[in-house]
Structures are given as structure tokens and as C-alpha cells.
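The exercises below are to be worked with the sequence and the structure in view. Each task is followed by a solution in steps.

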Protein chains: 2
Amino acid sequence: MEDVIKVGLIGCGNVGGGVVKILLENAENIALRAGCRIELAKVVVRNMDKQRPYEVAGYLLGTDALALVNDPSIDVIVETIGGENPARELIMTALRNGKHVVTANKEVIAKHGSEFLQIAREHGVNLYYEAAVAGGIPIIHGLKNSLAANNISKIVGIMNGTTNYILTKMYQEGAEFATVLAEAQKLGFAEADPSDDIEGDDVAYKLSILAGIAFNSSFKYEDIYFEGIEGISAREIEVARKLGFVIKLVAIGQAHADGRVELRVHPVMMDEWHPLAGVNNVFNAVFIEGSYVGQTMFYGPGAGMCPTASAVVGDVMDIAMHRKLGVSHPSIHTNFQKKEVVPIGEIQSEYYFRLSVTDKPGVLAAIAHACGEAMVSIKSVEQKQSKGEAAEVIIITHTVRESAMQKALAAIRKLDTVSAVHALIRVGL
Amino acid sequence: MEDVIKVGLIGCGNVGGGVVKILLENAENIALRAGCRIELAKVVVRNMDKQRPYEVAGYLLGTDALALVNDPSIDVIVETIGGENPARELIMTALRNGKHVVTANKEVIAKHGSEFLQIAREHGVNLYYEAAVAGGIPIIHGLKNSLAANNISKIVGIMNGTTNYILTKMYQEGAEFATVLAEAQKLGFAEADPSDDIEGDDVAYKLSILAGIAFNSSFKYEDIYFEGIEGISAREIEVARKLGFVIKLVAIGQAHADGRVELRVHPVMMDEWHPLAGVNNVFNAVFIEGSYVGQTMFYGPGAGMCPTASAVVGDVMDIAMHRKLGVSHPSIHTNFQKKEVVPIGEIQSEYYFRLSVTDKPGVLAAIAHACGEAMVSIKSVEQKQSKGEAAEVIIITHTVRESAMQKALAAIRKLDTVSAVHALIRVGL
């Protein structure tokens with residue numbers, strides 16, 4: 001038998017096109033490294049007439065993905081169509097047919113990963129999804145293998161290139177959110193409908209996948225609290241900079257001593273010296289604290305045709321090397337525990353908030369009273385005259401419970417002298 | 001047969017003690033993740049009376065390492081004694097006896113890695129050495145597996161914690177090298193005899209190991225040009241800062257179009273916005289450019305008991321997972337090519353150099369003439385009056401050949417009006 005592994009590719013858009021490019025262009029080195037040839041056998045797409053980022057005419061089989069996952073000549077299915085359906089059915093069928101599956105699809109893994117892994121185990125095959133989280137950054141492999149000796153206490157990720165690009169530009173240029181978003185759309189760094197990126201859903205999928213591996217439990221992505229960056233104005237960025245902070249949209253996973261796990265996605269004001277603070281533009285990074293390794297960070301391109309395809313092909317090569325030995329890869333067990341997500345009201349943080357107030361005697365006293373009543377202890381206050389009777393108040397609290405902060409804010413909103421609550425941003429990592 | 005893998009540990013100093021700590025303290029989670037128990041079976045040390053960083057009394061067998069590598073009950077040998085001998089003989093014997101080997105020993109791998117891998121292949125076992133380079137950072141695994149689809153064009157590493165700590169403190173405090181070194185020695189961040197770290201040998205070992213994997217060829221570490229940080233004064237750091245640069249000791253590996261590879265270790269003035277510029281204190285990081293992934297960086301603790309042991313135990317877990325399946329791990333092939341190292345005289349760079357001169361008419365003209373004669377094109381010159389007739393001249397060149405720069409500098413040294421050449425530092429990455 002010739003040493004060759006046959007790949008069936010579903011989807012030939014951005015990521016799929018990158019997979020074709022790498023498999024054809026770098027075939028010789030890939031075969032030398034993996035010890036066996038990796039052959040792009042067949043490609044199916046949704047629409048035969050669409051223009052492809054890479055020439056695949058010779059491999060295009062048609063549009064019947066189901067026929068591909070049922071084709072006995074195919075060893076590995078690479079799924080790059082994204083979305084929940086029909087990806088779910090195709091992956092399940094492929095696994096049941098004894099095929100290894102590599103996917104770049106965060107949504108289907110976040111929603112059905114546990115189910116897939118169960119089927120894969122029953123059929124002695126593997127499911128790989130390095131490309132589903134943070135594109136070219138080998139964070140899943142790192143967590144599953146290299147850091148496997150550690151109990152992970154914390155992960156913090158910048159895992160969305162679009163929002164990180166927007167926040168970087170706002171920081172560098174002092175521009176407003178809407179201006180930079182429009183510019184990002186023109187440059188192709190943001191979708192025409194950017195809501196998945198901007199509002200944080202995208203990052204919530206990724207966090208649920210990473211947290212599952214890091215904390216040895218599966219989590220429902222619906223249990224993850226998330227906020228996007230729509231509420232971050234140029235003024236917030238400006239104030240943060242003066243305070244020595246950088247604002248980033250982060251995904252946080254943190255183990256509690258009681259066995260529960262905090263999972264949340266929201267903007268944070270982080271110290272400008274934190275390793276994540278220097279992660280700019282469309283780059284992503286994941287910061288990890290392990291019981292033995294201490295602090296590590298993985299940095300790289302979180303998206304893009306070739307970086308994401310690089311991760312997909314890396315997974316296929318791992319399968320190829322193991323198939324040569326006649327075994328499937330012995331995946332590390334990652335969901336042997338059952339952990340709860342800490343409700344957002346119970347988390348603790350320092351908070352930054354900014355108010356517009358009427359500059360009258362007793363305003364600060366009323367705000368301070370509302371905080372005190374809710375058990376929110378204030379660390380610093382800055383009041384600044386604007387024009388006429390209006391003034392701006394910026395408050396940073398000590399570490400308090402989220403529920404207390406929300407209670408204080410509700411009371412502050414009701415004060416006659418407070419005309420607007422502009423932002424509430426968690427401070428520190 | 002019970003699912004258990006038996007580890008024989010050679011050496012119980014800093015790293016060995018960390019391995020004992022992790023294997024005993026985290027045994028349950030390690031077994032759950034790896035799917036089999038990893039048992040610390042026997043430990044041998046050089047000196048039975050020495051104090052250990054972690055209690056191993058119950059496991060201490062004695063001082064006969066050769067008996068351990070010949071013990072048929074041991075599955076995996078973990079070698080943490082460091083140095084070329086007797087590590088070489090012990091590793092070779094273990095591999096020949098059909099035992100997998102995990103080592104944290106950069107020197108023995110840099111000098112004999114190819115020989116070991118050959119023996120390992122012949123005996124169907126594996127050799128792992130993640131901990132030998134950059135401690136807890138999973139850079140070897142990342143290059144061998146996750147990034148395997150890429151042809152690597154460049155690696156740049158900050159891979160020595162001692163020198164990075166010293167350069168960070170010099171930058172932050174404006175202190176001189178000798179002052180900070182003494183402080184680092186007091187804090188335990190530098191050895192009593194720091195020459196291996198300071199002079200660059202340590203990093204040259206690590207670069208030869210990484211480059212072997214990245215560029216698919218084995219390299220002799222003797223072929224690597226290296227300079228340490230002894231020549232970096234507080235004045236150089238100060239000037240660099242004003243120019244928007246940070247000085248770091250880096251290891252550079254860069255593929256040339258003609259198939260040769262640049263391998264060199266020396267201080268560099270890098271742009272303060274480069275991701276490596278923010279890697280401070282004892283932290284390490286390795287920056288990689290791959291043909292598909294683009295730019296990635298792995299960041300973490302480059303040394304220390306637990307971080308290094310975390311990498312060792314990660315390797316042992318990988319062996320354990322594969323042994324369960326009855327196979328050794330199919331290592332990626334990494335030395336299927338034979339590449340030459342580019343002689344240092346042929347590299348190209350911008351250069352910074354600083355001179356003390358006599359402030360007389362014609363001084364600059366003479367320096368510029370010497371540069372012109374050697375084909376060194378000058379990008380910027382700054383002359384600064386000190387006291388009396390003395391002045392300081394700071395020159396940055398355009399990109400020129402190293403041999404040309406050295407020729408120019410030799411001519412400059414001979415000028416009557418030049419009283420000292422203080423530093424020559426390569427600029428840019």
C-alpha cells in the first residue's frame with residue numbers, strides 16, 4: 001500500500017482555498033515531514049460557479065457534500081463551510097463512516113463538540129479543530145498537549161481580529177467607533193454586517209471551546225456572559241490612556257476554588273504593561289496561567305486565509321502521521337469533570353464608570369451615597385467642569401461584586417443630577 | 001496489564017525536583033488526561049546527602065544512573081542532570097534498551113541530538129526535549145506539529161532569562177551592566193559564574209536545536225556566531241531609547257534563498273513596537289515567520305523549576321498516551337535536508353556604532369571617508385560635544401554587509417582622532 005492519505009474538502013472559500021493552496025504548493029515538504037503523502041482527493045462546494053481564491057478546477061467534484069462524507073476512498077474530511085447546519089450532519093456522518101474530521105468551524109464545535117467527540121471515540125477516529133479558535137495560533141494543541149501537566153487557573157484571550165483592529169485604531173488615532181468601523185469595512189477587516197464580531201458572539205464560541213479544554217469540562221456557550229465594544233467611545237479610550245490603561249475586548253476563563261468557572265467576554269481596561277496590551281491590529285493572543293508553567297502567551301494571526309489553513313493542514317498532518325502507524329491519535333481527555341459557570345452577578349472586579357452630571361453642590365455626595373448603600377467602595381473620583389452647569393465624573397471602584405456595582409449604578413441612574421451614564425468598564429485582569 | 005507507565009528520573013536538582021513535585025502532586029489529573037497512570041518509579045542522584053528542593057526520600061534508589069537505564073522495569077528515562085557527560089552515554093544506553101527518553105539538557109541535544117534520533121528510530125522509541133529550549137514555552141512542539149505545514153523563513157528568540165533580566169533593569173533603571181549583574185546574582189537570577197549566560201553560549205545551544213527543526217537540517221552549534229551583552233553600556237541603552245529602540249539579546253535564524261541559513265546570537269536594537277521588545281525580565285519568547293501562518297510568537301518563562309518541569313512532564317504524558325496504543329510517537333521528520341550556515345561576514349544589517357573622538361576639524365570627514373572606502377553607506381550621524389576637546393559620535397548605517405562594516409571599523413580604529421570605539425550593535429530585525 002502506498003503511503004498516502006486522501007483528503008476530501010468541503011467548502012472552498014477563504015479557509016478552504018487556503019487549504020488547497022498549501023496542500024498543492026507545499027506537497028513535497030509536507031510529505032517529507034509527515035512521512036506520507038497528503039493528497040487533495042476531492043473538493044465539494046455550495047456553488048460551482050463562484051470565483052475561488054485558489055484554482056481548484058481539477059479537484060472540483062460538485063456540490064454533493066453528503067456523497068463526499070460517504071465516499072469510502074476518503075480518509076479525512078476537512079470542513080470549512082462554517083455555521084451550524086449542514087456542517088453538523090456532515091461531520092457526524094463522516095465520523096460514523098470512520099473518517100477523521102478536521103474543521104475550522106467554531107460555531108458547530110461550540111454547540112456540538114462533545115457530541116462529536118463521543119461519536120469519534122466510538123468509531124476510533126479523531127476530530128481536530130485547531131483552526132476554530134484564534135486561526136493560526138496553536139492554542140488548542142498547546143493546551144491539550146504541551147501544557148497538559150498543568151491545572152489551568154486562568155485564560156485571557158484577545159480572539160477577535162475585527163474588534164482588536166477597531167480598538168487599536170481608536171487608541172492610535174483618537175477616532176470614534178463608527179468612523180473606524182466604516183474604515184475597517186472598507187479595508188475588509190470587518191464584515192458588511194459586523195454584529196457577530198462587534199457584539200461578542202464570535203468570541204463566546206471560541207471561549208467555550210478553549211474553556212472546555214483548559215478546565216476539563218464541557219460548557220454551554222449560552223452560559224457565557226458577553227458584551228461587545230459598541231459602548232466604547234473615543235473619550236473612554238482617552239481617559240484609559242491617561243490612567244495608564246489600554247482597552248481590549250477579552251475573553252476570560254477563570255477557575256474558582258469551589259470548582260466553578262468564570263466565563264465572560266467584555267471590554268476591559270488593562271495595565272499598559274500587560275503582555276496582552278501590546279497585541280494590536282488584527283493580531284490575536286491567548287494568555288494562560290498554569291499551575292506549573294506560570295504565565296505563557298501564544299500570539300499570532302487570528303484569522304485570514306493562509307494562517308487559518310496552516311492550522312487545518314497541521315491537523316491533517318498529525319492525522320497522517322498517526323494513520324501511518326495504524327492508530328488514531330490518543331486525544332487527551334478533556335471533559336472528565338462537570339463544572340458550573342459562575343453567574344456574572346457573582347464575579348468580582350474593579351470598575352470604571354463615567355457620568356455626566358449637573359455641577360451643583362451635593363452631586364458627588366449623592367453618587368457616593370448610592371455606592372455606599374450598595375457596598376461599592378470607591379478608589380478614585382475625578383470631577384471635571386465642562387461648559388455651564390455640566391460636569392463629567394469619572395469613578396474607579398475598589399474590587400466589588402458585579403451585582404453590587406449594578407445595584408449602585410441603577411441608583412445612580414435615578415439621581416436627578418445625573419444626566420447620563422456613559423460607560424461601565426471592568427478594570428484589570 | 002494495568003495502564004501505567006514507569007518513569008526513572010536521573011537527577012533531582014532544580015528541574016528534577018520540579019518533575020517529582022508535579023508527578024506526585026498532580027498524579028490524579030495527569031492520569032485522567034493521559035488515560036494512564038504515570039508512576040515515578042525510581043530516582044537516582046549524584047550525591048545522596050544533598051538537600052532536595054522536593055522530598056523524594058521514598059523514591060531515591062541511589063547514585064547508579066547506569067543501573068537505572070539498564071533496569072527493564074522502567075519505560076521512560078527522564079534526564080535532568082545537564083551537561084555533555086555522562087548524559088550522552090546514559091541517553092544512548094536508555095534508547096538502545098528500548099526506553100523512551102525525555103531530557104531538559106540543551107548541551108547534550110545541541111551536540112548529539114542527531115545521533116540520538118538515529119538510535120531512537122532504530123529502536124522504535126522516542127526522544128523528547130521540549131524543556132531544553134525556552135523552558136516552559138512549547139516552542140519545539142509548536143514547530144514540529146502545529147506549524148508543520150509551513151516553511152519557516154525566520155525565527156527570532158529571546159531565550160536567556162538572565163541576560164534579558166539584566167537588559168530590562170538597565171533599560172528601566174539606567175544602571176550599568178556590572179551593577180545589575182551583581183543585583184541579579186544576589187536575587188538568584190544569575191549564576192555566580194555567569195559567563196555561559198552573558199557570553200551567549202547558552203543561547204547558541206538553543207538556537208542550534210530550534211533551527212534544526214525549523215529549517216529541516218541539523219546544524220553544528222560551533223557554526224553559530226555569537227556575542228554576549230558584556231559590551232552593552234548604560235549609554236548604549238540610553239541612546240537606543242531616544243532613537244525608539246530597545247536592546248535585546250536575540251538568537252536569529254533566517255533562511256536564505258540559496259538554501260543556506262543565517263544563525264547568529266547577538267544584541268540587537270529593535271523597534272520598541274516589535275512584539276519581542278515588550279518581553280521583559282526573566283521571560284523568554286520566540287517569534288516565528290512561517291510561509292502560511294505569517295508571524296506568531298510564543299511567550300513564557302524560559303527557566304525555573306516548575307515551568308521547565310511542566311514541559312518535561314508534558315513530554316512524558318505524550319509518550320504515555322502513545323504507549324497505551326502500543327506505538328511510539330511518529331516524530332515529524334526534521335533533518336531531511338543538509339543546509340550550510342551563512343558566514344557572519346556575509347550577513348546584511350544596519351549598524352549602530354558609537355565613538356569618542358577629538359573635536360577637531362576633519363574628524364567626521366575622516367570617519368565618513370573610512371566608511372565610504374569600505375562601501376558602508378551612512379544613514380545618520382550625531383556628534384555631541386562632551387568636555388574640552390572630546391566629543392561623541394553616533395552613527396547608524398544603511399543596510400550593509402557585515403564584512404564591509406568590520407573593514408570600515410578597523411580603519412576607523414586606526415584614526416588618530418578616534419580615541420575609542422564603544423560599541424557596534426546591529427539594528428533591526
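**Exercise 1. A loop asparagine**

Decide whether Asn216(A) is buried or exposed, then describe its place and its backbone.

Solution. Step 1: Asn216(A) has 22 C-beta neighbours inside 10 Å. Step 2: a residue counts as buried if 20 or more other C-beta atoms lie within 10 Å of its own, so Asn216(A) is buried. Step 3: the residue sits in the loop between helix 10 (201-214) and strand 8 (225-226) of chain A. Step 4: its phi is near 55 degrees, which is a positive value in a residue other than glycine. The model is a predicted one, and these values are computed from it.

**Exercise 2. An asparagine in the other chain**

Find the loop that holds Asn281(B), and classify the residue by its C-beta neighbours.

Solution. Step 1: the loop runs between strand 10 (261-271) and strand 11 (283-290) of chain B. Step 2: phi of Asn281(B) is positive, about 55 degrees, although the residue is not a glycine. Step 3: Asn281(B) has 14 C-beta neighbours inside 10 Å and therefore counts as partly exposed.

**Exercise 3. The open sheet of chain A**

State the strand order of the six-stranded open sheet in chain A and name its edge strands.

Solution. Step 1: the order is 3-2-1-4-5-6, and the pairing is parallel. Step 2: strand 3 (60-62) and strand 6 (127-128) of chain A each pair on one side only, which makes them the edge strands. Step 3: strand 6 of chain A is joined to strand 5 (residues 100-103) of chain A by two bridges in the parallel sense. Val102(A) has Tyr128(A) in strand 6 of chain A as its bridge partner.

**Exercise 4. Strand 4 and its surroundings**

Describe the partners of strand 4 of chain A and the burial of its two faces.

Solution. Step 1: strand 1 (residues 4-10) of chain A runs parallel to strand 4 of chain A, and four bridges join them. Ile10(A) is partnered by Glu79(A) in strand 4 of chain A. Step 2: strand 4 of chain A also pairs with strand 5 of chain A, again in the parallel sense and over four bridges. Here Val76(A) stands opposite His100(A) in strand 5 of chain A. Step 3: Val76(A) and Val78(A) on one side are buried, as are Ile77(A) and Glu79(A) on the other, and both faces of the strand are covered.

Step 4: follow the chain onward to the loop between strand 4 (76-79) and helix 4 (87-96) of chain A, where Pro86(A) is placed. The peptide bond from Asn85(A) to Pro86(A) is cis, with omega near 5 degrees. In chain B, the bond from Asn85(B) to Pro86(B) is likewise cis, with omega near 5 degrees.

**Exercise 5. Domains**

List the domains assigned to chain A.

Solution. Step 1: the assignment gives domain 1 (4-135 + 305-324), domain 2 (145-301) and domain 3 (346-427). Step 2: the C-alpha centres of domain 1 and domain 3 of chain A lie 52 Å apart.

**Exercise 6. Relating the two copies**

What turn and shift lay chain A on chain B?

Solution. Step 1: a turn of 180 degrees with a shift of 0.0 Å along the axis does so, with an RMSD of 0.1 Å. Step 2: the copies are thus related as by a two-fold rotation axis. Step 3: the C-alpha nearest the axis in chain A is that of Phe298(A), 2.4 Å from it. Step 4: 100% of the contact residues of chain A recur in chain B, so the same surface serves both copies.

**Exercise 7. The contact between the chains**

How many residues does each chain give to the contact, and which elements of chain A supply them?

Solution. Step 1: chain A gives 52 residues and chain B gives 52 residues. Step 2: helix 2 (27-34), helix 6 (139-146), strand 12 (294-301) and helix 12 (305-324) of chain A each supply at least two residues of the side that touches chain B. Step 3: helix 12 of chain A has the largest share, 12 residues. Step 4: by class, this side of chain A has 28 nonpolar, 20 polar and four charged residues. Step 5: strand 12 of chain A pairs with strand 12 of chain B in the antiparallel sense over three bridges, and Phe298(A) has Phe298(B) as its bridge partner.

Terms used. Residues are numbered from 1 along each chain as its sequence is written. Chains are lettered from A and ligands numbered from 1 in the order in which they are written. This is a predicted model: local features need pLDDT of at least 70, side-chain atom pairs count only at pLDDT 80 or more; totals for chains, interfaces and linings use all residues. Two strands pair if DSSP finds at least two bridges between them. Domain bounds come from an automatic or database domain assignment. Copies are superposed by least squares on the C-alpha atoms of residues with pLDDT of at least 70 in both. Two residues are in contact if their C-beta atoms, placed from the backbone, lie within 7 Å. Ala, Val, Leu, Ile, Met, Phe, Trp, Tyr, Cys and Pro count as nonpolar, Asp, Glu, Lys and Arg as charged, and the others, Gly among them, as polar. A residue is buried if 20 or more other C-beta atoms lie within 10 Å of its own, exposed if 12 or fewer, and partly exposed in between; C-beta atoms are placed from the backbone.
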